[in-house]
Every structure is written in C-alpha cells, then in structure tokens.
Amino acid sequence: MPDLAVGKKRFIQPNMCFTNLTNQDKSTLSQSDNCFFSEALSEDYSPILPGLPDDVAEYCLALVPRSNFPAMGGVCKRWRSFIQSKAFTTVRKLAGMLEEWLYFLTTDCEEKESHWEVVDCLGRKCRSLPPMPGPGKAGFGVVVLNGKLLVMAGYSALEGTASASAEVHQYDSCLNRYGFLKHST
Amino acid sequence: MAERGESSEAVMLKKTEEEKLRKGKMIVGDESKAGYEEEGKKVKLVTSDGVTMEVEISIVKEMEIIQTFIGATDTDDSFIFPISNVSSHILNQIIELVKGEYDQELAKKLSHDELKEILVAANYLNMKTLFHFIATAIANVIQNKSVEFVRDFFGIVNDFTEEEEAELRKTNAWAFEGVDED
C-alpha cells in the first residue's frame with residue numbers, strides 16, 4: 001500500500017510542530033514526554049505511577065485530600081519523599097488543593113500535659129497529634145516552616161529538678177510524624 | 001506568531017494549501033476557526049494505529065492542540081490531523097467521556113490501563129477538562145484505600161524493609177484509620 005507509506009512520512013514531522021505550537025500555553029499540563037524519557041533512562045529511577053510521566057502522576061497525587069497523606073507516605077519511598085517535598089505543596093497549590101489546617105496547643109483535663117489538636121478549615125476537629133517526643137516540656141518555642149512545625153528548647157521538670165532542653169523536634173504535617181532536628185554541638 | 005506558524009506548519013500543508021499560503025491568503029487568528037464551528041461538522045483524525053476517524057467538531061474543540069493548529073492555518077474539510085500518540089481505542093473512550101459530559105460513573109468502568117492511557121492522551125491533546133477529570137478519577141482510587149490496595153492497583157513495588165514498615169505503622173496511627181474495604 002503505497003498510500004500508507006506516503007501518509008506516514010507526512011505525519012512524522014507534523015507531530016513535531018504540534019508540540020511546538022502547544023507548549024506555549026501549557027500551565028498545569030506540562031511537557032511530560034521529555035522529562036519522562038530522560039528520567040526513565042537513569043538506572044534506579046522509579047516512576048511515581050508506573051506508566052505515567054511524573055509530572056502527570058504528581059498532579060494525580062495532588063488531587064487527593066490531605067488527610068490521606070500519612071497513608072500515602074507508606075506506599076513506597078518515592079511517594080514518601082515526594083509527599084514530604086516542597087514540590088508537592090507547589091503542585092497542590094497549582095491544582096487548587098491546598099487545605100488550611102489549624103493546629104493548637106492545649107492541655108488535657110488534669111492540666112498536666114499539653115498536646116496538639118488539629119481542626120480543618122471548616123472548624124471540624126480532625127484529630128490529636130501524636131505526643132511530642134521526649135519528656136513533657138514547658139516554655140518551648142514554636143514556629144512553622146514550610147508546613148513543618150518546629151518545637152524548640154524549653155525546660156522539663158523531672159523529679160522536682162528542672163532542666164533546660166536544647167532539643168528541636170520537627171513535626172511533619174503531611175506525614176503526621178515527629179522527627180529530631182540534629183544540631184551540632 | 002505568524003512567522004513561527006509559517007515555518008513549522010508549512011511541512012504539514014498539502015501542495016495546494018502551500019500555494020495559497022504563498023499567495024498570502026493564510027489567515028491567522030480566531031477568524032479562521034469560524035468555519036469549524038458549524039453544527040454537526042466533523043474533523044478527520046488519524047490515530048496511532050492508522051485508523052482515520054471522523055470526530056464531531058464539538059469534541060475536537062476541547063483538543064487544544066488541534067485548535068491551535070486550526071487557528072493558525074488555512075485548513076479545509078479534507079485535512080487529516082495525525083494524533084500519533086493516541087490509539088483508536090483510546091480516542092473512542094475519549095469521545096464517549098466527552099459525550100457523556102464527564103460522568104464519574106463512566107470513569108468507574110475504565111480499567112487501570114485505560115485510565116492511564118486516556119490521561120496521557122489528554123495531556124498530549126491538551127484537553128484540560130478531560131485531564132482534570134481522569135486525574136480526579138485516579139485520585140479517587142488512592143483516597144481512603146489501604147497502601148496494599150494502592151500498590152496492587154498501580155503496580156508499585158514496596159521498597160520499604162519489614163522494619164521500616166513496622167516503624168511506619170507504629171508512628172503513623174492515622175494512616176491506617178478509616179480505610180475503605182477494598
């Protein structure tokens with residue numbers, strides 16, 4: 001079939017110009033093919049969703065509501081590192097999926113220990129955070145950086161003697177998890 | 001715009017159209033789209049498996065990649081657009097989804113592979129509504145499901161060691177609450 005052969009020839013280049021024409025106005029839909037193939041070549045590369053270019057897969061994950069993130073962080077290492085990354089926040093912002101949660105520090109009924117609680121943007125109580133690691137502290141400082149809650153210093157009273165603490169704990173709000181921030185001595 | 005258009009599009013035009021172009025009849029901009037907006041009109045697309053399909057203009061309108069092309073060149077009814085990244089099977093699925101006005105029930109009937117292929121096609125054809133629709137369908141698959149279900153559905157290999165996984169379960173109590181039945 002000579003027609004088919006001619007047809008094929010004609011079609012090879014037009015595709016290239018399609019790409020040229022449309023890249024200009026792509027915002028959320030980006031040039032997936034390029035990055036897909038270059039990344040696929042490196043050896044220990046694992047895609048976020050097999051069979052999909054990463055930028056497309058990232059968009060899919062960004063559309064999942066936030067309360068699912070801790071579970072998603074347990075799927076594989078690639079997902080875990082992506083969910084912890086700043087890039088994930090950026091994609092969710094682009095997709096209009098950022099959810100504001102309010103964290104507040106409160107005491108339990110006996111007013112002995114303090115713990116964190118979370119409410120979502122509609123004021124519904126979601127859950128309590130896991131207890132902060134280490135002995136119960138007072139007088140610590142709190143700051144939020146890139147979606148991570150930093151609990152710094154303070155003092156703890158053990159058996160009547162108060163001792164100052166130089167520890168910094170970092171709470172990852174996406175993965176619902178505390179970690180230590182290492183400091184040099 | 002016109003310069004860029006001329007250099008890249010010329011390749012695609014048939015002889016007669018090339019002549020028109022030389023005579024300076026090329027129309028750039030929205031005016032040239034007008035001819036494509038008639039009801040019931042069809043546009044010919046040839047898929048990756050070589051099938052030529054006549055697709056209603058109302059559906060082709062969502063394919064921004066084709067629209068950009070129509071808008072920038074003087075094409076006529078006989079023009080065949082190659083969409084070499086999309087198979088006829090997937091194009092048929094796309095047509096059905098657009099005609100069904102993006103009903104989530106339709107998405108539920110799609111296999112995992114179909115979901116992925118349609119998403120890649122929507123990305124290539126620059127169909128924004130379809131892209132968001134399918135991405136949402138995939139996000140719905142992930143939502144409230146156990147990690148095992150998600151791994152299994154997407155073919156993801158669990159690369160955590162047993163110790164790491166036990167640690168995750170211990171420190172991640174939320175993660176395993178309120179999971180749907182698979």
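**Exercise 1. Work out which hand the crossing of H3(A) and H8(B) has, and what makes the contact.**

Step 1. The crossing of H3(A) and H8(B) is right-handed; a crossing gets that name if the near helix is turned clockwise from the far one by less than a right angle, and left-handed if anticlockwise. Helices here are DSSP runs of H or I with at least four residues, strands are runs of E with at least two, and both are numbered from the N terminus.

Before going on: this is a predicted model, where local features need pLDDT of at least 70 and side-chain atom pairs count only at pLDDT 80 or more, while totals for chains, interfaces and linings use all residues. Residues are numbered from 1 along each chain as its sequence is written, chains are lettered from A and ligands numbered from 1 in the order in which they are written, and side-chain values use heavy atoms, leaving out hydrogens and water.

Step 2. Helix H3 (residues 54–62) of chain A packs on helix H8 (residues 128–142) of chain B at about 60 degrees, and their axes are 8 Å apart. Axes are lines fitted to C-alpha atoms, for helices over the stretch in contact, with angles from 0 to 180 degrees between N-to-C directions.

Step 3. The pair therefore counts as oblique, the label left over once under 35 degrees is roughly parallel, over 145 roughly antiparallel and 65 to 115 roughly perpendicular.

Step 4. From H3(A), the contact uses Val56(A), Tyr59(A), Cys60(A) and Leu61(A). H8(B) answers with residues including Phe131(B), His132(B) and Ala135(B). Contact means heavy atoms within 4.5 Å.

**Exercise 2. Place Ile156(B): is this residue buried or exposed, and what does it touch?**

Step 1. Look in the loop between helix H9 (147–154) and helix H10 (162–171) of chain B.

Step 2. Ile156(B) has a relative accessible area of 10%, so it's buried: that takes under 20%, while exposed means over 50% and partly exposed lies in between (1.4 Å probe, protein chains only).

Step 3. Skip neighbours within four places in sequence, and the contacts of Ile156(B) are Ile48(A), Leu49(A), Pro50(A), Val75(A), Cys76(A), Trp79(A) and Arg151(B).

**Exercise 3. Lay out the sheet of chain B with the order E2-E1-E3, then add H5(B).**

Step 1. This open sheet has three strands and mixed pairing. Strands E2 (52–56) and E3 (80–83) of chain B are the edges, each pairing on one side only. Neighbouring strands are turned by 35 degrees against each other on average, direction ignored.

Step 2. Strand E1 (residues 42–47) of chain B runs parallel to E3(B), over four bridges; pairing needs at least two bridges found by DSSP. Val46(B) has Pro82(B) as its bridge partner in E3(B).

Step 3. Now lay H5(B) across E1, E2 and E3 of chain B, at about 10 degrees to E2(B). Its buried residues include Ile90(B), Leu91(B), Ile94(B) and Val98(B). Just past H5(B), Glu101(B) takes a positive phi of about 50 degrees.

**Exercise 4. Find the edge strands of the sheet E4-E5-E8-E9 in chain A.**

Step 1. The sheet is open, with four strands paired antiparallel.

Step 2. Strand E4 (141–145) and strand E9 (177–180) of chain A each have a single partner strand, so one side of each lacks a neighbour in the sheet. The twist averages 25 degrees from one strand to the next.

Step 3. Strand E8 (residues 168–172) of chain A joins E9(A) through four bridges, running antiparallel. In E9(A), Phe180(A) is the bridge partner of His169(A).
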